[in-house]
Structures are given as C-alpha cells and as structure tokens.
There are 2 protein chains.
Amino acid sequence: MIQIDPSKQKILVKNLEKEKAFWESYDKLLIATGASPNKPTIPKINTQGVFCLSTLQSGIEVWQFMETHQPKKAVIVGGGYIGVEMAEALLEKGLEVTVIDRSTYIMKTLDQDMSEEICQSMRKAGIQLLLEERLTAIETDENNQLQAVKTEKGHIPADLVILGLGVKPNTIIAEEAGIKLCDTGAILVNEKMETSISNIWAAGDCASSYHILKEKPMFIALGTIANKHGLIAGSNMAGENITFPGVLGTAITRFNELEIARTGLSEMEAKSMGLAYKVATIQSSNYAGYYPGAGKIKVKLLARKDNLQIIGAQIVGEQGAAKRIDTIVAAISAKQTTYSLAMMDLAYAPPFSNVWDPVQIAARQLL
Amino acid sequence: MIQIDPSKQKILVKNLEKEKAFWESYDKLLIATGASPNKPTIPKINTQGVFCLSTLQSGIEVWQFMETHQPKKAVIVGGGYIGVEMAEALLEKGLEVTVIDRSTYIMKTLDQDMSEEICQSMRKAGIQLLLEERLTAIETDENNQLQAVKTEKGHIPADLVILGLGVKPNTIIAEEAGIKLCDTGAILVNEKMETSISNIWAAGDCASSYHILKEKPMFIALGTIANKHGLIAGSNMAGENITFPGVLGTAITRFNELEIARTGLSEMEAKSMGLAYKVATIQSSNYAGYYPGAGKIKVKLLARKDNLQIIGAQIVGEQGAAKRIDTIVAAISAKQTTYSLAMMDLAYAPPFSNVWDPVQIAARQLL
C-alpha cells in the first residue's frame with residue numbers, strides 16, 4: 001500500500017516485482033486513484049459469471065466468459081448507464097436479458113416521466129425490466145455454477161450477471177494521509193484541484209467536482225470530467241494558474257435507436273433543493289417532420305421560477321436528439337434564460353431540425 | 001399594387017378577382033412581403049427549363065419539367081446553399097451536374113479552407129465544379145429549346161438550368177410609403193421589428209436583422225430568422241414588449257454524407273472588419289475514434305485576440321458534425337470565451353463524441 005507523509009513531502013512506494021518498499025520525496029503530488037465498482041456484500045457474490053465493469057479488462061473478461069460458457073440468460077443489476085448499455089449489448093449478442101433495479105424507475109438521473117420512454121423502448125426490444133427488486137444473493141448449483149439471482153421478491157434464473165451499481169472513489173491513501181473527503185466520499189478539491197493538504201492535488205474519479213447549480217462538491221465519475229480534472233491539476237502543478245468552473249452532471253447514452261441525455265438539475269433534484277422552478281416537456285421531431293426518416297424527440301426543460309434562468313434539461317429521442325443537450329449545457333454554463341435560448345440563432349435545415357429547434361420549442365413553452 | 005398611406009393609416013388593397021381596389025384603414029400594419037430570387041438580365045433568361053427556386057411551387061415546376069423533358073445535363077448557376085442542395089438532388093436523380101460560380105470558391109459564407117472539403121466531396125461524387133465562371137447568356141436552338149449556358153469562358157451544354165443566385169427583399173411597397181431601407185436593401189427595423197414609420201412593422205425575408213457581432217443590420221433570408229421576426233413583430237403588435245437580440249448568420253446544410261455548418265464571423269469577415277482575431281482549425285472524429293462508423297469532422301473556431309471571446313465557427317464533417325454549431329451559437333450569444341467553451345460539461349459517450357468534443361478540441365487549440 002502506498003503511504004503519504006505530507007509533513008516530510010514523501011511517499012512510500014512499493015516495487016511490486018521486487019516486493020521492496022522505499023520512500024520517495026515529492027515537490028508536488030497528484031492522487032489519481034480512480035474509482036472502483038460497488039459490489040454488494042451478499043452471499044456468493046464472487047461466483048464465476050458475476051461481473052462488475054470498470055476497466056477495459058472487465059469487458060474482455062465478460063467477453064471471454066461468454067465465449068467459453070455461452071450464457072443464455074443475463075441478469076443486469078442496476079438500471080443506470082452501465083446497465084442500459086450492457087442490456088443493449090447483450091441483447092444484440094442474442095441473450096435473454098433481465099434488468100433489475102431497486103427503484104421505481106431506471107436511469108435515476110432523469111425524471112420518471114422521461115425514464116418511461118426508455119423503459120418502453122427496452123421492453124419493446126424484449127428486455128424484462130423488474131423494478132423495486134433488490135438483489136439479496138447469488139445462487140449456484142451443487143457444482144458452484146451460477147444459477148440465479150435472488151431478490152426480495154423471488155429468483156431470476158441467470159447464467160451471466162452484470163453488476164451496474166455505480167462506483168465509489170478510491171480514497172484510502174488520501175484518507176490515511178489526512179486529506180479531507182467530502183460528504184460523497186470523494187477527495188475534496190478546490191477549483192485548482194488542490195486537496196486540503198498543500199502540494200497534493202487530486203484528479204479523476206477519486207476527486208470531487210464542484211456542481212455549478214448545486215453549489216457544492218459532488219462525486220461524478222465520468223471520463224469527460226476526469227479529463228478536465230487532469231488538465232487543470234497538471235497545468236497548475238506545472239506552474240500555471242487555471243481554475244475549473246465545475247460540472248452540470250451532463251450525461252448521454254443510448255439504447256438501440258433511442259438517444260438519452262441530461263444536464264443540470266432534474267425536476268426531482270430541483271424539488272429536493274427546495275428550488276422554485278418552472279418546467280416544460282415537449283414532443284417534436286428530430287428533423288423537419290416531412291423529411292424522410294424523421295423521428296421523435298422529447299425535451300424536458302427546467303428554469304428558475306424567479307428569473308427563468310435555465311437549470312436543467314433531459315432529452316430522449318431518435319437520431320440527433322441527444323447531443324442537442326450541449327446547446328443547453330452552454331446556455332446553463334453562461335446563465336442564460338429561456339428567452340435567450342428561444343431567440344438564439346440555432347441552425348436549421350430540414351435534414352437537421354425543425355425551424356424552431358426542439359430545445360427552443362421547449363424554451364418557448366416555458367415562457 | 002398595394003399602396004400604403006401612413007399619414008392616414010390606410011392601405012390600398014386590390015381585389016384580384018374583381019380587379020377592384022379599395023382603401024382599408026389600419027391601426028397596426030405588418031409588411032411581410034418576403035424576398036424574390038435574383039435573376040440576371042441576360043439574353044434568353046426566360047427560356048423554358050431555366051428555373052429560380054423560391055416557393056414550394058418552384059420545386060413542383062422543376063419536378064414537372066423533369067418528368068416531361070427528361071433532362072440529362074443540369075447546370076446550376078451559383079454555389080451557395082441552394083446550389084449545393086440542388087446539386088445533391090439532381091445527382092441523385094441521375095443527371096450530369098455542373099455547378100458554376102463566379103468566385104474562386106463555393107459556399108462563400110465559409111472560408112476557402114473549409115469550402116475545399118465540400119468541393120472535394122462534390123467532385124468525388126461526380127459533379128463538375130467550374131469556378132470563376134460568370135453566366136453571360138442562355139443559349140437555345142432554332143426551336144427555342146434550351147441548349148447551353150454561356151459564360152465568359154465558354155459554353156456548357158445544358159437541358160436544365162437552376163439559378164441559385166440568392167434573393168433580394170421585396171420592398172417596393174415599403175419604399176413607396178417612405179419607409180427606410182438599410183444598405184442591404186432590406187427594410188430597416190428596430191429590435192421590436194418596427195419600421196421607420198410608426199405603427200408599421202416588418203418581418204421575414206423583406207426585413208433586416210441586426211447582426212450581434214457586426215453590430216449592424218444585415219439581410220439574411222432564412223426560415224429560422226423569419227420565424228423569430230414573426231414572433232417578435234406579432235407579439236409587439238398585439239401589445240407585448242419583446243425584443244429580438246439579433247442574428248449570428250448561422251446556417252447549415254449538407255452534401256450527401258457531408259454536413260456543413262457555420263455561425264458568427266468567418267475569417268474573411270473578421271479580416272474585412274479589421275478585427276484582431278485568433279483562429280484554430282482541427283481535425284477530429286465525430287464519434288470516439290474506435291467506435292464503428294466513426295467519421296471525420298473539421299472545426300474552425302475564431303476568437304477575438306484581446307479577450308478570446310468566441311466570434312465564429314465553421315464545421316464540416318460526417319454524421320452528427322453540423323448540429324454541433326449550436327453549442328457555439330449558444331457560446332457566442334452569451335459572450336463566452338474559448339476557455340469557458342473548453343471547460344463546459346458537454347456530453348460524451350463513444351457513439352456521440354470524443355471525450356473532448358471536437359468543438360472543445362478547437363477551443364483548447366486556440367488557448
């Protein structure tokens with residue numbers, strides 16, 4: 001185990017090949033220990049065929065298991081991004097797929113009304129969605145072969161289990177060095193990515209990110225954010241003086257043809273913050289309605305009630321739908337109102353949009 | 001011809017069926033006379049088979065002519081949006097297509113380096129592009145049948161000619177009423193879409209639009225802008241008090257698989273304004289490079305040299321490329337810098353983007 005001694009600016013490094021440990025001095029230190037998948041402590045969780053996903057290697061291991069064991073029935077535990085993406089992938093590989101989630105709906109970073117579109121699409125594709133089911137055990141046969149997933153409600157046969165239960169930041173080294181963590185368990189950093197101890201920085205999935213709208217540090221383990229962390233921390237360690245403005249919790253994924261994106265506050269989050277807000281949800285088409293191949297798009301937009309400043313959006317729809325979230329990300333980042341958004345000179349041509357882009361239709365609805 | 005008498009708040013209306021004219025009084029008047037395609041005054045311009053495009057009816061007429069005359073060789077005069085879109089459509093219909101343009105490059109709202117991508121794509125698709133060629137006459141045979149297009153350099157055989165030479169605002173009624181026009185020939189309006197004469201509004205392709213970066217009224221005949229004009233004028237005439245922030249000259253189109261978009265100032269425009277700017281042009285991929293079907297994207301980004309405020313962008317690339325211009329539209333509208341853009345929490349997942357979205361790669365390049 002690596003150990004940090006901040007008082008001496010030294011770090012205890014272990015050479016894993018030679019099993020030899022030595023103290024190395026540092027001028028500036030970066031903690032980039034990442035995050036690890038959450039794995040519940042339940043019976044037989046380490047059975048072969050039960051996988052968490054984190055690194056590329058995890059993917060290779062699932063792949064290899066599928067090659068050698070030819071599983072037929074997959075159970076995915078957790079209906080978040082990983083769960084939805086794995087459901088798509090395994091379905092395409094010809095498996096029967098069941099997704100279980102302990103909540104009343106999947107993709108909890110969205111509101112339930114938007115999640116409903118995804119549920120419909122998944123069920124239509126043949127996925128069994130079991131909600132309000134909590135994993136209690138993994139079940140095996142007498143030869144210790146994976147047989148089923150046990151929940152509070154029953155048994156679901158499975159010969160492949162994917163756990164998509166989120167990740168937790170790897171912070172033991174930081175904690176032991178006396179570095180402050182935030183409520184979320186991630187390493188607390190300031191806008192320069194400095195930790196609470198001088199000359200020690202943290203970046204990536206182990207570190208917190210300031211949420212621009214919640215105005216507090218959050219733990220959001222995403223590649224985009226980790227990359228920005230790295231840029232900021234690295235530049236500052238190298239003598240620059242740049243700051244990270246923070247995050248909005250933007251995320252994007254897809255299930256088959258259905259694109260899904262969100263940013264800022266969901267209605268549920270706005271409520272839990274006690275924020276007075278206005279909300280509009282509109283249905284439109286991704287391209288001009290008469291254009292061949294035009295599909296559906298649904299946009300939910302939230303704004304502060306007092307000044308109509310945009311605070312969040314969710315988009316579900318067909319081709320070209322989801323990346324429209326970036327327009328709203330830019331608008332929120334720059335503290336724009338729904339009126340400003342509605343009046344922006346966004347791009348229109350029939351193969352790309354309606355005359356009023358769907359995000360503007362939502363903005364006008366809010367006015 | 002309609003006539004306006006502003007002093008009496010009356011308008012002379014002609015009943016076209018009964019050929020009878022009468023004066024009608026108005027409290028508030030909207031001029032929404034649109035624009036008409038530019039048609040050069042050259043020999044035989046009115047020959048059958050030579051078309052301008054403006055309304056849906058123009059499209060129907062071209063279609064009908066193609067049905068009855070089965071043309072084989074189309075010449076498109078003008079390499080702007082209409083020219084490029086018609087080139088794609090006629091090529092798909094199996095015609096030999098030649099595009100002529102009097103400039104050194106087509107799609108002049110982009111800079112030449114970006115236009116080059118489009119030229120390559122068009123030539124690869126089999127279109128003959130003739131640059132620095134000016135239309136001087138239409139040529140017919142002894143039966144007055146369309147034969148060729150004459151330019152300063154030679155004759156190009158043609159049995160279908162499309163003129164894509166832009167449009168001019170229809171302003172005779174306004175002019176005769178004493179309403180001020182701007183340099184561009186469009187009706188001058190203020191931010192409420194009021195003309196220079198009280199109680200008279202103008203909206204749509206006949207009216208000017210304030211350009212946010214050029215800080216002067218421009219003539220840009222596009223559906224998005226006309227729609228916003230209508231909303232603003234209509235609301236204000238009905239007693240509201242809303243203003244139009246202006247336009248950025250955003251435009252989007254495509255040629256086959258190549259998507260094309262622009263907003264704000266081109267490098268050429270920045271130069272002609274004498275503005276000190278910085279520019280970056282990057283090549284990247286529309287999706288994660290390893291994702292199946294990932295294609296190219298080229299982003300050109302301009303910022304003011306003094307404060308790095310973003311002032312323009314051009315994007316050329318494959319699926320999902322062009323609508324990214326909206327992120328930059330939002331950033332310019334809100335006076336964001338390249339650093340703000342680079343740090344925005346834009347959406348990333350492999351089927352949609354790189355970890356750093358191409359617009360952010362361009363922004364970082366500029367820093």
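Start in chain A and select domain 1 and domain 3: their centres, taken over C-alpha atoms, are 35 Å apart. This is a predicted model.

**Stop 1: domains of chain A**

Colour chain A by its domain assignment. Domain 1 comes in two pieces, 3-31 and 170-237. Domain 2 runs over 37-167. Domain 3 takes 251-364.

Stay with domains 1 and 3 of chain A. How many residues of each are in contact? Domain 1 brings 4 residues and domain 3 brings 7. Between them the two domains bury about 480 Å², with 75% of that area on carbon and sulfur atoms. Now select A:Ile212, A:Leu213 and A:Lys214. These residues supply 84% of what domain 1 of chain A buries against domain 3 of chain A, more than any other three residues.

**Stop 2: the annotated spans**

Select residues 2-218 of chain A. An unreviewed UniProt entry annotates them as "domain: FAD/NAD(P)-binding". The span is 20% helix and 32% strand, and its end C-alpha atoms lie 25 Å apart.

Move on to residues 253-356 of chain A. For these, UniProt lists "domain: Pyridine nucleotide-disulphide oxidoreductase dimerisation", again from an unreviewed entry. Here the chain is 20% helix and 35% strand. The end C-alpha atoms are 24 Å apart.

**Stop 3: A:Glu88**

Zoom to A:Glu88, in helix H2 (residues 81-92) of chain A. Is A:Glu88 buried or exposed? Its relative accessibility is 14%, and the cut-off for buried is under 20%, so A:Glu88 counts as buried. Show its neighbours next. Leaving out residues up to four places away in sequence, A:Glu88 touches A:Arg254, A:Phe255 and A:Asn256.

**Stop 4: helix H2 of chain B**

Switch to chain B and select residues 81-92, helix H2. Put a distance label between the end C-alpha atoms: they are 17 Å apart. At 1.5 Å a residue, the 12 residues should span 16 Å, so the two values agree.

Which residues of H2(B) are buried? They are B:Gly83, B:Val84, B:Met86, B:Ala87, B:Glu88 and B:Leu90. Display what covers them. In chain B, the cover includes helices H1 (56-69) and H3 (112-124). It also includes strands E7 (73-77), E8 (96-101), E13 (160-163) and E18 (251-255) of chain B. Then step just past the helix to B:Gly94, where phi is positive, about 90°.

**Stop 5: the pair of chains**

Show both chains. A turn of 180° with a shift of 0.0 Å along the axis lays chain A on chain B, with an RMSD of 0.0 Å. The two copies are therefore related as by a two-fold rotation axis. To find that axis from chain A, select A:Thr327: its C-alpha is the nearest in the chain, 2.2 Å from the axis. The same surface serves both copies, as 100% of the contact residues of chain A recur in chain B.

Now select the contact itself. Chain A gives 51 residues and chain B gives 51 residues. The area buried between the chains is about 4,100 Å², and carbon and sulfur atoms give 65% of it. Highlight A:Met343, A:Asp345 and A:Phe352. They supply 18% of the area chain A buries against chain B, more than any other three residues.

**Stop 6: helix H9 of chain A**

Finish at residues 358-366 of chain A, helix H9. Its buried residues are A:Pro358, A:Val359, A:Gln360, A:Ala362, A:Ala363 and A:Leu366. What covers them? From chain A, the cover includes strands E20 (277-285), E21 (296-304) and E22 (310-317), with helices H7 (325-333) and H8 (338-343). Keep chain B visible too: its helix H5 (223-237) is also part of the cover.

Notes:
Residues are numbered from 1 along each chain as its sequence is written. Chains are lettered from A and ligands numbered from 1 in the order in which they are written. This is a predicted model: local features need pLDDT of at least 70, side-chain atom pairs count only at pLDDT 80 or more; totals for chains, interfaces and linings use all residues. Side-chain values use heavy atoms; hydrogens and water are left out. Helices (H or I, at least four residues) and strands (E, at least two) are DSSP runs, numbered from the N terminus. Buried means under 20% relative accessible area, exposed over 50%, partly exposed in between (1.4 Å probe, protein chains only). Contact means heavy atoms within 4.5 Å. UniProt positions are given in the numbering used here, feature names are shortened, and annotations may be inferred rather than shown by experiment. The expected span of a helix is 1.5 Å times one less than its number of residues. Copies are superposed by least squares on the C-alpha atoms of residues with pLDDT of at least 70 in both. Domain bounds come from an automatic or database domain assignment. Buried area is the accessible area (1.4 Å probe) that two parts lose on being put together, summed over both.
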